[in-house]
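Student: Please pick one part of this structure and take me through it closely. Start from a single residue and work outwards.

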Amino acid sequence: MNANAAGSLAAWHDMVVRKDMSGLAAIVHPEATFRSPMAFKPYHSAQAVTLIISTVMTVFEDFAYHRELVSEDGLSVVLEFSARVGDKQLKGIDLIAFDADGNIIDFEVMVRPFNGLQALGAEMGARLAAYLPALKG
């Protein structure tokens with residue numbers, strides 16, 4: 001894996017374990033993109049990425065990563081996870097792309113099953129509905 005990306009990935013895993021996203025902005029590119037499993041159009045900005053990810057990490061319960069796959073160029077990873085939202089269990093993947101400096105440039109999330117995604121979407125909407133429209137611009 002690219003050394004800078006590996007450093008940022010290690011920082012990411014540390015933040016997840018500590019449930020403290022305060023260092024996230026330091027590893028997100030200013031023009032990063034977040035691709036939500038609930039929204040058709042992506043969000044473009046470090047502010048959007050950090051807000052959404054920081055919020056979702058407070059929504060997820062019993063969050064754990066299980067597998068990590070690294071791309072051939074060493075700049076992208078796929079992280080398989082499981083979590084719970086209320087009484088709904090879900091599984092998903094985080095697809096994270098880094099630039100050569102180790103900054104997150106693209107963060108895409110896929111979630112299943114549908115009822116888990118619905119629970120996640122409802123909770124995220126309740127917490128972020130006032131903020132998300134402005135971040136799509």
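Tutor: Ser 8 counts as buried, because its relative accessibility is 7%. Buried means under 20% relative accessible area, exposed over 50%, and partly exposed in between (1.4 Å probe, protein chains only). This is a predicted model, in which local features need pLDDT of at least 70 and side-chain atom pairs count only at pLDDT 80 or more, while totals for chains, interfaces and linings use all residues. Residues are numbered from 1 along each chain as its sequence is written, and side-chain values use heavy atoms, with hydrogens and water left out.

Ser 8 sits in helix α1. Helices (H or I, at least four residues) and strands (E, at least two) are DSSP runs, numbered from the N terminus. Not counting residues up to four places away in sequence, Ser 8 touches Ile 27, Phe 98, Gly 102 and Asn 103. Contact here means heavy atoms within 4.5 Å.

Now the helix itself. At 1.5 Å a residue, the 16 residues of α1 should span 22 Å, and its end C-alpha atoms lie 23 Å apart, which agrees. The expected span is 1.5 Å times one less than the number of residues. Ser 8 shares its buried status with Ala 5, Leu 9, Trp 12, Met 15 and Val 16 of α1. These buried residues cover an arc of only 120° around the axis, so they lie on the same side of α1. The arc is taken from the directions from the helix axis to the C-beta atoms. The face turned away from that side carries Ala 3 and Val 17, both exposed.

The ends have their own details. At the start of α1, a side-chain oxygen of Asn 2 comes within 2.8 Å of the backbone nitrogen of Asn 4. Just after α1, Lys 19 adopts a positive phi of about 55°.

What covers the buried side? The cover of the buried residues of α1 includes α2, β3, β4, β5 and β6. Trp 12 also leads into the largest nonpolar core: of its 41 residues, Trp 12, Ile 53 and Phe 60 touch the most other members. Such a core is a set of buried Ala, Val, Leu, Ile, Met, Phe, Trp, Tyr and Cys residues joined through side-chain atoms within 4.5 Å. The elements α1, β1, α2, β4, β5, β6 and α3 each supply at least two residues of this core. Its largest share, 8 residues, comes from α2. Phe 60 is in contact with Phe 81, Ala 83, Arg 84, Val 85, Leu 90 and Leu 120, leaving aside neighbours within four places in sequence.

Several covering strands belong to an open sheet of 6 strands, ordered β2-β1-β6-β5-β4-β3, with mixed pairing. β2 and β3 stand at the edges, each with a single partner strand, so one side of each has no neighbour in the sheet. Two strands pair if DSSP finds at least two bridges between them. β3 and β4 pair in the antiparallel sense over 7 bridges; Tyr 65 has Phe 81 of β4 as its bridge partner. β4 and β5 also run antiparallel, joined by 10 bridges. There, Ala 83 is partnered by Leu 90 of β5.

β4 is largely enclosed by the rest of the structure, because 7 of its 10 residues are buried.

Note on methods:
Polar contact = N/O pair within 3.5 Å; in protein donor to acceptor, adjacent residues only side chain to side chain.
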